[in-house]
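Work through the exercises below with the sequence and the model at hand. Each task is followed by a solution in steps.

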Amino acid sequence: MTPDRLRHDVLHHLTYSLGKDGASASLQDWRMALSLAVRDRMVDAWFASTKATYKAGAKRVYYLSMEYLIGRLLQDAIINLGLMDKVDAALTELGLNTSAVLADEPDAALGNGGLGRLAACFLESLSTMGVPAMGYGIRYEHGLFRQSFDHGRQVESPETWLLQPHAWEFQRAESRYPIGVAGHVEDQGGRAVWHPAETVVAEAYDTPMIGWKGRWANTLRLWAAKPVQPFDLQRFNAGDYAAAAEPEAFARTISRVLYPDDTTDEGKKLRLKQEFFFTAASLRDILRRFDSEHDDIRKLPTKVAIQLNDTHPAIAGPELVRILHDERGLDFDEAETIARACLSYTNHTLLPEALESWSEGLMGYLLPRHLQIIDRIDHRHARANPSRRTSSRQHGQAQMGMVSFMMAHRVNGVSALHTELMKSTVFRELDGLHPDRIVNQTNGVTPRRWLLGCNPALSQVISDTIGAGWEDDLDRLKELEAYVDDADFMSGFVAAKHTNKRALARFVAETEGVHLDPAAMFDIQIKRIHEYKRQHLNILEAIALWQDIRETPDAPWTPRVKIFAGKAAPGYAFAKDIIRLINDVARVINSDPVTSRYLKVVFLPNYNVTLAEKLIPAADLSEQISTAGKEASGTGNMKFALNGALTVGTLDGANVEIRDHVGADNFLLFGMTAEEAVARRQVAGHAGQAIAADARLARALAALRDGTFGNGETHRYRHIADNIAGPDYFLVASDFADYWRAQREADALYADPAQWHRKAALNTARSGWFSSDRTIRGYMADIWQTQSLLS
């Protein structure tokens with residue numbers, strides 16, 4: 001592949017795929033033409049991988065996830081195909097700016113947070129490692145939502161990423177499955193027959209997911225909901241135009257929005273429909289592919305590994321049993337055994353409310369046969385385990401976490417701490433009954449996107465120092481340890497960080513009108529907004545710091561910029577109030593002439609993968625401050641460390657393993673352990689005690705109560721102060737003093753650049769273990785029993 005050949009292919013697609021010439025082509029046209037030219041190279045590997053899988057009769061991995069936060073795909077594909085220099089040369093010859101063309105691509109609105117980004121990293125690693133696999137999900141038209149701010153308040157509007165063509169997907173009109181819900185179950189001669197009352201069609205859209213060096217490509221198959229009959233001509237001709245379009249509107253509702261607000265009964269109904277829709281369609285597709293190669297359904301577990309990414313696809317267990325028993329005629333016990341041998345379940349939360357449950361009324365209405373099957377599975381489990389006290393039907397709810405556990409042959413946590421806490425908390429009894437079922441697979445991130453792609457400056461320094469090859473063998477970063485006292489290496493390392501900070505400062509100035517000093521410490525927290533992630537602890541510390549700086553402005557303060565990004569669920573009022581508080585605090589602090597040279601606060605709207613790719617390489621300090629025992633793992637913490645940021649964090653999730661790997665001296669630890677947090681909650685008035693013992697904390701809370709940040713509304717944030725002073729379940733008050741100590745330790749370290757940069761470099765050098773390639777190897781060996789087909 002030469003630049004001339006690539007230029008020719010871009011012009012060919014511009015003319016014959018898009019119907020444009022160079023003189024009239026827009027930036028979008030050029031980006032689409034380039035995408036199609038790059039996609040052509042992916043397709044060859046994609047077809048070859050599929051043929052190799054069929055030829056080998058290999059076992060396939062099927063990854064079922066409600067979301068995939070894949071971000072932009074163009075640069076990712078160019079990097080993995082090794083085409084970046086050729087693309088740059090071809091576009092330059094065409095008079096185009098490569099960065100502008102790449103930046104024109106919208107993020108695919110298919111995910112929200114860590115769950116979806118993990119799924120995307122896994123697909124890339126599966127392809128890099130040559131493991132036959134397919135990801136299944138929903139092709140959301142409008143994603144979660146596009147976030148903006150109105151006087152500091154979060155405003156949600158629909159994502160519009162599909163208003164322009166999606167260059168990477170192939171519509172598969174031949175891959176269509178009718179998916180029914182509701183209706184009734186009829187007994188026909190001792191055989192249960194479900195008669196759904198409502199039916200939509202699941203239609204497939206395929207995106208090739210290319211691995212490193214283009215050696216293998218797997219498929220992301222997304223389902224769009226379509227009507228069985230798209231248009232009612234009789235109603236239309238009768239003048240009832242709105243009713244004529246009802247079938248299409250009803251069907252499209254299912255695949256319009258990720259995580260619709262479920263604070264209403266209709267929202268809950270839509271969520272359950274979505275989960276069953278994509279799970280049922282995926283199982284139909286899996287079985288169709290199996291049937292095309294094999295004629296004995298009992299061999300299914302030897303050829304099919306189905307991974308459930310959290311409880312969203314938990315209905316897969318009952319649905320697979322229903323198909324095998326009701327439709328394929330297997331004995332119920334055998335159907336359940338076969339299904340369990342195929343299924344495995346990744347748990348991502350210790351929060352009971354996040355382990356999905358559905359009311360018996362809703363489940364019985366939408367999925368009547370599945371509720372019967374859940375009961376039968378539960379009864380069989382109870383008979384086999386007579387000492388069992390819990391049930392999958394409790395308090396009028398179907399408990400999908402328990403269903404997932406009972407129907408999986410392996411259940412994995414996503415960090416060492418999380419896995420042990422699963423055993424002692426949410427699945428304590430089940431772990432006792434099935435002591436070998438729970439295993440650990442600590443999360444990881446793909447270094448191709450989260451170092452090579454997002455941080456070319458640091459990647460070049462690494463390659464210049466230890467040579468190429470680390471991109472798919474991240475353990476090689478350990479070789480950098482020998483250079484942390486080498487002046488040339490450290491000069492390049494520091495220069496790369498400064499390059500990234502200057503780029504972020506320009507971006508913030510252009511988009512938010514806030515001017516940042518790249519020499520200041522960039523202190524970044526980017527996560528979905530939730531009380532357990534404790535963005536309110538972070539901003540409370542910023543308030544206290546601002547108050548101290550105002551009191552003694554001539555003290556030797558370390559300049560700091562606190563940067564936030566993340567979305568709050570539309571129905572989560574308290575989280576949305578935290579966003580508004582952060583924006584109000586930023587408004588006050590950034591306009592304070594006394595303190596603004598030392599402290600600024602910025603909340604960047606509409607957090608997504610592209611924004612993360614700007615923020616993570618520029619970070620000096622990574623905020624991983626969740627209440628101990630609440631974060632399952634995290635992957636942002638890994639990305640920050642890999643890119644040379646120090647972590648200030650609790651012993652929660654994968655923070656524990658990050659600290660073990662990078663070294664305790666290179667991690668700013670604070671806060672209670674998970675066990676101490678549980679004990680602290682048992683202390684009556686624990687928050688009040690913490691506040692009484694810390695005048696700085698009391699003064700910061702007083703500023704929330706007295707309207708300092710209320711913009712004329714005295715009581716705007718009193719409820720947040722009352723929550724921290726009152727129940728404070730997430731222990732903001734009790735952890736505040738130690739958090740303040742850790743932040744001042746960070747200030748002192750940052751004031752000594754040589755010491756700070758050495759610790760930052762050791763974070764990069766010791767983060768190689770957190771590659772998603774390593775995680776996938778663990779799944780292959782411990783859960784899926786699969787092999788790579790690459791030699």
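**Exercise 1. Find the residues with the most contacts inside the largest nonpolar core, and the helix that gives the most to this core.**

Step 1. A nonpolar core is a set of buried Ala, Val, Leu, Ile, Met, Phe, Trp, Tyr and Cys residues joined through side-chain atoms within 4.5 Å. Buried means under 20% relative accessible area, exposed over 50%, and partly exposed in between, with a 1.4 Å probe and protein chains only.

Step 2. The largest such core holds 140 residues, and Phe 277 and Ile 306 have the most contacts inside it. Helix 10 (residues 265-293) gives the most to this core, with 11 residues. Helices (H or I, at least four residues) and strands (E, at least two) are DSSP runs numbered from the N terminus.

Step 3. Apart from this core lies another, of 116 residues, including Ile 524, Ile 543, Ile 589 and Ala 761.

Step 4. Contact means heavy atoms within 4.5 Å. Leaving out residues up to four places away in sequence, Ile 306 touches Tyr 62, Leu 64, Leu 283, Ile 286, Leu 320, Cys 342, Leu 343 and Ser 344.

The model is predicted: local features need pLDDT of at least 70 and side-chain atom pairs count only at pLDDT 80 or more, while totals for chains, interfaces and linings use all residues. Residues are numbered from 1 along each chain as its sequence is written, and side-chain values use heavy atoms, with hydrogens and water left out.

**Exercise 2. Describe the lining of the second largest pocket.**

Step 1. On a 1 Å grid over the protein atoms alone, a pocket is an open set of points where a 1.4 Å probe fits, with protein on both sides within 12 Å along at least five of seven lines; lining residues have an atom within 4 Å of a point.

Step 2. The second largest pocket has a volume of about 1,300 Å³, a volume being the space filled by probe spheres set on the points, which are joined across faces, edges and corners.

Step 3. Of its 41 lining residues, Gln 75, Leu 102, Gly 453, Cys 454 and Pro 456 are the closest to the centre.

Step 4. The elements that give two or more residues to the lining include helix 3 (74-81), helix 4 (84-93) and helix 5 (98-103). Helix 21 gives the most, with 7 residues.

Step 5. The lining divides into 17 nonpolar, 12 polar and 12 charged residues. Here Ala, Val, Leu, Ile, Met, Phe, Trp, Tyr, Cys and Pro count as nonpolar, Asp, Glu, Lys and Arg as charged, and the others, Gly among them, as polar.

**Exercise 3. Explain why the buried residues of helix 4 lie on the same side.**

Step 1. Val 87, Ala 90 and Leu 91 are buried in helix 4. Because they cover an arc of only 95° around the axis, they fall on the same side of helix 4; the arc is that of the directions from the helix axis to the C-beta atoms.

Step 2. An α-helix has 3.6 residues a turn, so residues three or four places apart point the same way.

Step 3. Asp 85 and Thr 92, on the other side of helix 4, are exposed.

Step 4. The buried residues pack against helix 1 (3-16), helix 2 (27-56), helix 3 and helix 5. Just after helix 4, Gly 95 takes a positive phi of about 80°.

**Exercise 4. Is Arg 597 buried or exposed?**

Step 1. Arg 597 sits in the loop between helix 23 (573-590) and strand 19 (599-604).

Step 2. Its relative accessibility is 52%, so Arg 597 counts as exposed.

Step 3. Not counting residues up to four places away in sequence, Arg 597 touches Pro 553, Asp 554 and Pro 559.
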